[in-house]
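Here's a quick walk through a model you may want to look at before setting anything up. Have the viewer open as you read.

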Amino acid sequence: MITTRSLLLSIAIAAFGLIGVALYLQHGLDMLPCPLCVIQRYLFIAIGVCALIGAYVGKPKPLAPVGLGLLAALGGLGTAGKHLWVLAHPGLSCGIDPMETMLNKIPTATYLPFLFQADGLCEDALAPWFGLSIPQWSFLWFALFTLALAWVLIRRVRA
């Protein structure tokens with residue numbers, strides 16, 4: 001049986017690995033992130049940080065880091081779902097709008113523009129990557145993280 005610490009470390013590695021994939025797509029394949037993509041990046045990072053904290057916190061088995069990670073995963077499901085909805089309804093866009101302007105003024109976007117600058121359009125995320133669009137992959141990963149973190153949370157409450 002997999003230990004809780006091993007699962008949380010696996011979640012953290014996967015979440016940070018997905019950020020690496022996003023950076024490759026952005027800088028290696030010139031796929032600029034849209035505002036919804038950037039929000040998903042923030043949420044993947046939040047999941048990874050919460051999973052790391054949850055893995056290394058002491059014996060009292062605090063539920064807060066895992067619970068916050070679960071909330072981030074649920075938020076990611078909503079954001080990726082919104083992204084898929086925008087793609088399914090041509091003519092709608094999350095493009096250049098107040099959300100993009102607000103996201104690009106957050107200090108993290110100012111100091112780390114290579115990671116958090118939203119310059120793309122949501123409609124550009126249609127290029128399939130291993131058979132799925134980027135938002136579909138995000139939705140799938142957020143669903144996996146949601147299930148895994150919920151399982152860890154239930155397991156910790158019962159222990």
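What follows covers the overall fold, one helix, one buried residue, the main pocket and the database annotation.

## The fold at a glance

First things first: this is a predicted model. The chain has seven helices and zero strands, so its pattern along the sequence is simply α-α-α-α-α-α-α. Of its 159 residues, 41% are buried.

Among contacts with a separation of 6 or more, 83% join residues that sit 24 or more positions apart.

## Helix 7

Helix 7 covers residues 134-158, 25 residues in total. How far apart should its ends be? At 1.5 Å a residue the expected span is 36 Å, and the end C-alpha atoms are indeed 36 Å apart, which agrees.

Its buried residues are a mixed bag: Ile134, Pro135, Ser138, Phe142, Phe145, Thr146, Ala148, Leu149, Val152, Leu153 and Arg156. As for partners, the buried residues of helix 7 pack against helix 1 (4-28), helix 2 (35-56) and helix 3 (64-88).

## Gln40, tucked away

Is Gln40 buried or exposed? This residue of helix 2 has a relative accessibility of 3%, and because buried means under 20%, Gln40 counts as buried.

Leaving out residues up to four places away in sequence, Gln40 touches Thr79, Ala80, His83, Ser138 and Phe142. Two of those contacts, Ser138 and Phe142, also appear in the list of buried residues of helix 7.

## The largest pocket

If you're after a cavity-like spot to inspect, the largest pocket has a volume of about 470 Å³. It is lined by 26 residues, and Ala22, Leu25, Cys37, Ile134 and Ser138 lie nearest its centre. Ile134 and Ser138 are also among the buried residues of helix 7.

Which helices supply the lining? Helix 1, helix 2 and helix 7 each supply at least two residues, with helix 1 giving the most, six residues. By class, the lining has 18 nonpolar, five polar and three charged residues.

## What the record says

UniProt, in an unreviewed entry, places the feature "transmembrane region" at residues 7-26, 38-56, 63-81 and 134-154. Two of these spans can be set beside the model's geometry.

Over residues 63-81 the chain is 95% helix and 0% strand, with end C-alpha atoms 27 Å apart. Residues 134-154 come out as 100% helix and 0% strand, and the end C-alpha atoms of that span lie 30 Å apart.

Methods
Residues are numbered from 1 along each chain as its sequence is written. This is a predicted model: local features need pLDDT of at least 70, side-chain atom pairs count only at pLDDT 80 or more; totals for chains, interfaces and linings use all residues. Side-chain values use heavy atoms; hydrogens and water are left out. Helices (H or I, at least four residues) and strands (E, at least two) are DSSP runs, numbered from the N terminus. The expected span of a helix is 1.5 Å times one less than its number of residues. Buried means under 20% relative accessible area, exposed over 50%, partly exposed in between (1.4 Å probe, protein chains only). Contact means heavy atoms within 4.5 Å. On a 1 Å grid over the protein atoms alone, a cavity is a set of points where a 1.4 Å probe fits but cannot get out, and a pocket is an open set with protein on both sides within 12 Å along at least five of seven lines; lining residues have an atom within 4 Å of a point. Grid points are joined across faces, edges and corners, and a volume is the space filled by probe spheres set on the points. Ala, Val, Leu, Ile, Met, Phe, Trp, Tyr, Cys and Pro count as nonpolar, Asp, Glu, Lys and Arg as charged, and the others, Gly among them, as polar. UniProt positions are given in the numbering used here, feature names are shortened, and annotations may be inferred rather than shown by experiment.
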